[in-house]
Amino acid sequence: IGRSELMENVFKLVDRVAPARSTVLITGESGTGKELVAKAIHESSPRADKTFVPVNCSNIPSELLESELFGHTKGAFSGANDDKIGLFQQAHKGTLFLDEIGDLPLELQPSLLLPIDDKKVKRLGSVREEEVNVRIISATDRNLPEAIRDKRFREQLYHRLRECEITLPPLRERREDIPLIVEYYLSQHNHTMGEQRYIAISAVEYMQELSWDGNVRQLTNLLKRVLQTAQNDR
């Protein structure tokens with residue numbers, strides 16, 4: 001949501017990269033809306049009627065990540081009681097969104113090179129390769145060039161993920177969009193709750209003066225709290 005020049009540039013990039021097959025790296029501070037942009041690219045692409053599969057690379061234990069991404073065969077490791085398809089297979093003909101890619105452990109990063117290059121994956125415990133037609137979009141709030149210099153991220157993977165890059169601006173650099181965001185979430189609340197609440201112009205102007213270190217996520221969380229707890233309509 002936005003009419004600022006910075007966001008208009010983001011919208012133009014989304015329109016430009018959506019029809020392509022190239023990988024896309026979305027960068028920006030936490031809370032700027034990277035997953036929303038990933039979904040927008042998917043929904044504007046020829047893959048829109050197929051699956052969008054998000055995976056948060058920082059939430060999956062490193063010892064289970066390869067099994068989650070590529071699947072495993074029965075007996076591949078202790079506790080593998082059945083065959084399992086991975087997230088790559090689930091996203092076949094659709095889009096796989098690798099969120100927080102900068103948090104992927106260094107030793108696991110090479111496992112993504114073959115799937116990106118050859119569109120093939122191998123389940124843990126299997127010798128057979130499976131073809132997967134997957135578009136990969138990734139996102140991070142990390143400085144990956146700096147991580148490469150510090151030997152925390154592999155340069156080969158970085159270039160494969162970054163055939164196109166979209167950088168989202170922090171909210172403090174597009175304050176003129178804050179009234180639009182407030183209006184959107186207020187209308188959503190009123191529609192859902194059957195209410196007619198409104199926010200004073202002075203309150204919106206005050207919000208435009210704040211720094212919003214948590215960006216749009218912080219703003220929307222504040223709006224939700226206010227709308228749920230305020231004692232009157234204004």
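## Helices H1 and H2

Axes here are lines fitted to C-alpha atoms, for helices over the stretch in contact, and angles run from 0 to 180 degrees between N-to-C directions. With that in hand, take a look at this predicted model. The axes of H1 and H2 come within 8 Å and cross at roughly 40 degrees. Angles under 35 degrees count as roughly parallel and 65 to 115 as roughly perpendicular, so H1 is oblique to H2. The crossing of this pair is right-handed.

Which residues make the contact between H1 and H2? From H1 come Val10, Val14 and Val17, and from H2 come Val37, Ala40 and Ile41. Sort the residues of this contact by class and you get six nonpolar, no polar and no charged.

## Helix H8 and its two partners

Now move along to H8, which covers residues 178-193, and H9, which covers residues 201-209. The axes of H8 and H9 come within 9 Å, and they cross at roughly 125 degrees. That angle makes H8 oblique to H9. The way H8 passes H9 is a right-handed crossing. On the H8 side, the contact is made by Ile178, Pro179 and Val182, while H9 brings in Val204, Met207 and Gln208. Five residues of this contact are nonpolar, one is polar and none is charged.

H8 also packs against H10, at an angle of about 40 degrees and with the axes 10 Å apart. H8 and H10 are therefore oblique to each other, and H8 passes H10 in a right-handed crossing. Who meets whom here? In H8 you can pick out Ile178, Ile181, Val182, Tyr185, Leu186 and His189; they meet Val216, Leu219, Thr220, Leu223 and Leu227 in H10. By class, this contact has nine nonpolar, two polar and no charged residues. Keep an eye on Ile178 and Val182: both are listed in the contact of H8 with H9, and both are listed again where H8 meets H10.

## The largest pocket

Next, the empty spaces. Rolling a probe the size of a water molecule over the atoms shows where empty space is left. The largest pocket has a volume of about 660 Å³. It is lined by 27 residues, and the closest to its centre are Thr32, Gly33, Lys34, Leu36 and Val37. You have already met Val37, as part of the contact of H1 with H2.

Which elements give two or more residues to this lining? They are H1 (5-17), H2 (34-43), H8 and H10 (215-229). The largest share, six residues, comes from H2. The lining of the largest pocket is a mix of classes, with 13 nonpolar, six polar and eight charged residues.

## The second largest pocket

How much space lies in the second largest pocket? About 200 Å³. This pocket is lined by 15 residues, and Ile199, Ala203, Met207, Leu223 and Val226 are the closest to its centre. Two of these names should ring a bell: Met207 is in the contact of H8 with H9, and Leu223 is one of the H10 residues that meet H8.

The elements that give two or more residues to the lining of the second largest pocket are H9 and H10. Of the elements, H10 gives the most, with four residues. By class, the lining of this pocket divides into eleven nonpolar, one polar and three charged residues.

Notes:
Residues are numbered from 1 along each chain as its sequence is written. This is a predicted model: local features need pLDDT of at least 70, side-chain atom pairs count only at pLDDT 80 or more; totals for chains, interfaces and linings use all residues. Side-chain values use heavy atoms; hydrogens and water are left out. Angles under 35 degrees count as roughly parallel, over 145 as roughly antiparallel, 65 to 115 as roughly perpendicular and the rest as oblique. A crossing is left-handed if the near helix is turned anticlockwise from the far one by less than a right angle, and right-handed if clockwise. Contact means heavy atoms within 4.5 Å. Ala, Val, Leu, Ile, Met, Phe, Trp, Tyr, Cys and Pro count as nonpolar, Asp, Glu, Lys and Arg as charged, and the others, Gly among them, as polar. On a 1 Å grid over the protein atoms alone, a cavity is a set of points where a 1.4 Å probe fits but cannot get out, and a pocket is an open set with protein on both sides within 12 Å along at least five of seven lines; lining residues have an atom within 4 Å of a point. Grid points are joined across faces, edges and corners, and a volume is the space filled by probe spheres set on the points.
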